[in-house]
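Subject: Structure handover

Hello,

Here is the structure we talked about handing over. Please open it alongside this note.

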Amino acid sequence: MYKNILYFLSPIVALLLFLPTDKYLKYKGLEDDCFQHGQWIHDRLYKQSKPVDIAFLGSSHTLNGIDDQLIEAQLAHHRLSVANFGYCRLGRNLSYVLLKEILQQKQLRTLVLEVREDEDRYSHPIFPYLADTRDVVFAHPLFNKDLASDMQTHLSYKVELQQDDWYGPLAKNQRHQGAFGFSPLQDTAALETLAGNAKEEEQPDPSSLERRFYMQYPRAYLNKIHQLCRSNKIQLVFLYLPAYASVQQKPKEIDRYSSYGTVLIPPKTLLADPDYWFDSEHVNATGAHVLSLWVSQQLDGLQ
C-alpha cells in the first residue's frame, strides 16, 4: 500500500520540484523578514536598470554597517554604482545564491564579501527560499546538517508559491524602491552593555583535523564564490566586520581569503569606539558613516 502511495506521489513531487517559480513571489514571500530586504533585492536587480559595479554581500553587519549611497558618492570620480545586498543572519550558501542572482542581471566589477571572526558552518535559514531547486538538491553534502530540512523547506515553499501564483492572494506591489540597500540603526548602546558583551579572550582553535572537518561546508561555498568571480573577471574583496571590541585582530580564515582576493581589516580604533555601536554586534548610523568612508578609501585604491 505504502509503495503504491509513493509511486503515485513521486511524479507530483518531481513536477513541483522542477516547475518554474515566479521570482517576484519568491522574494515577496520574505516581506516580513530582515527589513523587507528580500523584496528590495528583487527590485534592485529586476526592476531597476541602474547597473551594479560594486556589490556588498554579507549579514546584518553589512546591511546595517555599509552605506552604499555614501560609498557611491565617494567613488563618483570612478563612475561606479554601488549596492548593499546584505541579508540578516549567517550562512555562506546564501552569499553564493545572491551572487548568482546578481550576475544574471548585472555586469559586476567588484564583490565585497563580509567575513567575521570565523566562518559559520551552517546553511543560511533563507537559502531554501531563494535558491533554485538544483542548488538545494545538489547542495554541498559534506557535514551539511541542514541538507534534508532545506529540501523539505524548499519543496513546501514552492508548493505555497505555486498556490499563490494560481490563486493570486498576493498582490504584486509595484511601488518604486530606492537604489540603495543600507538600513541604518540610529541608537547608541549603553557602555555597560557593550562592556558586558565584549569578548574578553580569543577562543582556542580546535585541532587542524577537527577544523578541516567543520570548515568543509563553508569553504566549499567560498570556493564556489571564488570560481564565479574568477570566471566572470570580478575583483573579490573580503571585509572583516567582527563584533564590538573583538580581541581577534584578523579572521581565522585569513589565509584562505588572501589566496582568493584582498582582505580589508578596519582599524582597531574604529571597531573599539563605543560611540559607533548600536549593540555589541552592529554599528550604529555614526559608526556606519565612519566605516563606509574608510571602506571607500580602500576601494578607491583598488580601482
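How many salt bridges does the structure hold? The count is 15. Please keep in mind that this is a predicted model.

Salt bridges

Start with glutamate 101 and lysine 23. They form a salt bridge, and their closest N and O atoms are 3.1 Å apart. This pair links distant parts of the chain. Glutamate 101 is in helix H6 (residues 92-105), lysine 23 is in helix H2 (residues 23-28), and their positions lie 78 residues apart in the numbering. Glutamate 101 counts as buried, at 6% relative accessibility. Lysine 23 counts as partly exposed, at 25%. The cut-off explains the split: buried means under 20% relative accessible area, so glutamate 101 falls on one side and lysine 23 on the other.

Helix H6 supplies another salt bridge partner, lysine 100. The side chain of lysine 100 meets that of aspartate 132 in a salt bridge, at 3.8 Å from N to O. Aspartate 132 sits in the loop between helix H7 (127-130) and helix H8 (133-137), so this pair ties together parts that are 32 residues apart in sequence. Lysine 100 is partly exposed, with a relative accessible area of 21%. Aspartate 132 is partly exposed too, at 34%.

Next, look at glutamate 114 and arginine 116. Their salt bridge has its closest N and O atoms 2.8 Å apart. Glutamate 114 counts as buried, at 4% relative accessibility. Arginine 116 is also buried, with a relative accessible area of 15%.

There is a salt bridge network as well. Its members are Asp118, Arg211, Arg219, Glu253 and Arg256.

Aromatic pairs

How many aromatic pairs does a search of the whole structure find? It finds eight. One of them joins tyrosine 217 and tyrosine 221. Their ring centres are 5.2 Å apart and their planes stand at 70 degrees. Planes over 60 degrees apart count as edge-to-face, so that is the label for this pair.

Where do tyrosine 217 and tyrosine 221 lie? Both are in helix H11 (residues 208-231). They are four residues apart there, which means a separation of about one helical turn. Are these tyrosines buried or exposed? Tyrosine 217 is buried, with a relative accessible area of 1%. Tyrosine 221 is buried at 2%. Tyr96 joins Tyr217 and Tyr221 in one aromatic cluster.

Charges over rings

Two cases are worth a look. Arginine 121 lies over the face of tyrosine 214, at 3.9 Å from the ring centre. The ring of tyrosine 122 has the charged end of lysine 145 over it, 4.9 Å from its centre.

Helix packing

Helices H6 and H11 have both come up above. How do they pass each other, and at what angle do their axes cross? The axes come within 8 Å and cross at roughly 20 degrees. That makes H6 roughly parallel to H11, because angles under 35 degrees count as such. H6 passes H11 in a left-handed crossing.

To find your way around, try two places. On H6, view glutamate 101 with its partner lysine 23 on H2. On H11, view the edge-to-face pair of tyrosine 217 and tyrosine 221.

Best wishes

Methods
Residues are numbered from 1 along each chain as its sequence is written. This is a predicted model: local features need pLDDT of at least 70, side-chain atom pairs count only at pLDDT 80 or more; totals for chains, interfaces and linings use all residues. Side-chain values use heavy atoms; hydrogens and water are left out. Rings of Phe, Tyr and Trp (its six-membered ring) pair if their centres lie within 6.5 Å; planes under 30 degrees apart count as stacked, over 60 as edge-to-face and the rest as tilted. Helices (H or I, at least four residues) and strands (E, at least two) are DSSP runs, numbered from the N terminus. Buried means under 20% relative accessible area, exposed over 50%, partly exposed in between (1.4 Å probe, protein chains only). A charge sits over a ring if NZ of Lys or CZ of Arg is within 6 Å of the ring centre and within 35 degrees of the ring normal. A salt bridge is a side-chain nitrogen of Lys or Arg within 4 Å of a carboxyl oxygen of Asp or Glu. Axes are lines fitted to C-alpha atoms, for helices over the stretch in contact, and angles run from 0 to 180 degrees between N-to-C directions. Angles under 35 degrees count as roughly parallel, over 145 as roughly antiparallel, 65 to 115 as roughly perpendicular and the rest as oblique. A crossing is left-handed if the near helix is turned anticlockwise from the far one by less than a right angle, and right-handed if clockwise.
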